[in-house]
Amino acid sequence: MKNLFDKRILIIFALIAVAIITRFLPHPPNFSPILAIALFGSVYFTDKRLAFVIPISIMFLSDIFLGFHSDIPAVYLSFLLVVVIGRFIKNQLNAVKILGVSIISSILFYLITNFSVWLTSGMYPPTWSGLFDCYIMALPFFRNAIFGDLIFNSVLFGGFYLIEKYYISIEIHPKLNQ
C-alpha cells in the first residue's frame, strides 16, 4: 500500500513542478499557475500544512527572482483563502465544482489584491470612485487571471484524473480521504 501512496504523491508534486516552471516562462500579467496550485494542493494533499505551505513557498521563492512588491500580503492572503475554499470541495470533487471554485478563486484574488492596490499604492484617490476606478483598470488583469486559473486547473485536475485513470493504477488510499 505504501507504494501506491508514494506514486500518488510523486505525481502530485510532478504536476505542481510543471506548473511552477510556467511561472518563469513569458506570460501575460496575472496568467499564473499559483492559484491553481493552491486549489489543487488543498484537494490532494492529505497534510493540510502542505496545502498552505506549498503555494506560499512557491510564491516567496519565485518572488525572490521576480521581485517583491507592496501588495504581497494581499496576494499571499488570497492564496491561503483559496486553500481554505478548496478544502470544502475535497470530498465532493467533480468538474462543475472545480470550475466554480476556479472562478470564485479568481474573483477573490481580484477583489482582495485590487483593494490592496487602491488602499496602499496612492494610484487612486481614497474614495468610492477611486476604488471603482481601481477595479475597472484591473479588468484586463482579471481576464488574464481567470483564463490562467481555468487553464491551469484544467491541466492539474484533468491531468491528475487522466494519469490515475489510464496510466497508473493509483487507488485512493483510505488515509488520504481523512
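Asparagine 30 lies in the loop between helix α1, residues 2-23, and helix α2, and in this predicted model asparagine 30 has a positive phi of about 70° although it is not a glycine. With a relative accessible area of 35%, asparagine 30 is partly exposed, because that value falls between the 20% under which a residue is called buried and the 50% over which a residue is called exposed.

Following the chain onward from this loop, the reader comes to helix α2, which spans residues 34-44 and is mostly covered, with 11 of its 11 residues buried. Among them are Ile34, Leu35, Phe40 and Val43, but also Ser42 and Tyr44.

Beyond α2, the next stop is a pair of charged side chains. Aspartate 47 and arginine 49 meet through their side chains in a salt bridge, with 2.9 Å from N to O, and a search of the whole structure finds 1 salt bridge. Aspartate 47 counts as partly exposed at 27% relative accessibility, whereas arginine 49, with a relative accessible area of 62%, is exposed.

Helix α3, which covers residues 48-66, holds aspartate 63, and methionine 59 lies in helix α3 as well. Is aspartate 63 buried or exposed? At 2% relative accessibility, aspartate 63 counts as buried, because buried means under 20% relative accessible area. The side chain of aspartate 63 makes a polar contact of 2.9 Å with the side chain of tyrosine 76, and, when residues up to four places away in sequence are not counted, aspartate 63 touches Arg23, Phe68, Ile72 and Tyr76. Methionine 59 is likewise buried, at 6% relative accessibility, and, leaving aside its neighbours within four places in sequence, methionine 59 is in contact with Arg23, Ile34, Val75, Tyr76 and Phe79. Arg23 and Tyr76 therefore appear among the contacts of both aspartate 63 and methionine 59, where contact means heavy atoms within 4.5 Å. Isoleucine 163, by contrast, is 104 residues from methionine 59 along the chain, and the C-alpha atoms of the two are separated by 26 Å.

Other residues of α3 can be reached from the surface. Phenylalanine 60 is found in helix α3 and counts as partly exposed at 41% relative accessibility, while isoleucine 64, also found in helix α3, is partly exposed with a relative accessible area of 45%. Both residues belong to a nonpolar patch on the surface, which is formed by Phe24, Phe60, Leu61, Ile64, Phe65, Leu66 and Phe68 and has about 760 Å² of accessible area together. To follow the course of the chain here, the reader may compare isoleucine 64 with lysine 48, since the two are 16 residues apart in sequence and 25 Å apart in space, C-alpha to C-alpha.

Further along the chain, helix α6 shows how a helix can have two sides. In α6, residues 128-137, the buried residues include Gly130, Leu131, Cys134 and Tyr135. They cover an arc of only 135° around the axis, which puts them on the same side of α6. An α-helix has 3.6 residues a turn, so residues three or four places apart point the same way. On the other side of α6, Trp128, Phe132 and Met137 are exposed. Which helices do the buried residues of α6 pack against? The buried residues of α6 pack against α5, residues 95-120, and α7, residues 139-167.

Methods. Residues are numbered from 1 along each chain as its sequence is written. This is a predicted model: local features need pLDDT of at least 70, side-chain atom pairs count only at pLDDT 80 or more; totals for chains, interfaces and linings use all residues. Side-chain values use heavy atoms; hydrogens and water are left out. Helices (H or I, at least four residues) and strands (E, at least two) are DSSP runs, numbered from the N terminus. Buried means under 20% relative accessible area, exposed over 50%, partly exposed in between (1.4 Å probe, protein chains only). A polar contact is a pair of N or O atoms within 3.5 Å; within protein, one must be able to donate a hydrogen and the other to accept it, and residues adjacent in sequence count only if both atoms are side-chain atoms. Patches are made of residues with over 30% relative accessible area and no salt bridge: like charges are joined within 9 Å, nonpolar side chains (Val, Leu, Ile, Met, Phe, Trp, Tyr) within 5 Å. Accessible areas come from the Shrake-Rupley method with a 1.4 Å probe; for residues, only the protein chains shown count as cover. A salt bridge is a side-chain nitrogen of Lys or Arg within 4 Å of a carboxyl oxygen of Asp or Glu. The arc is that of the directions from the helix axis to the C-beta atoms.
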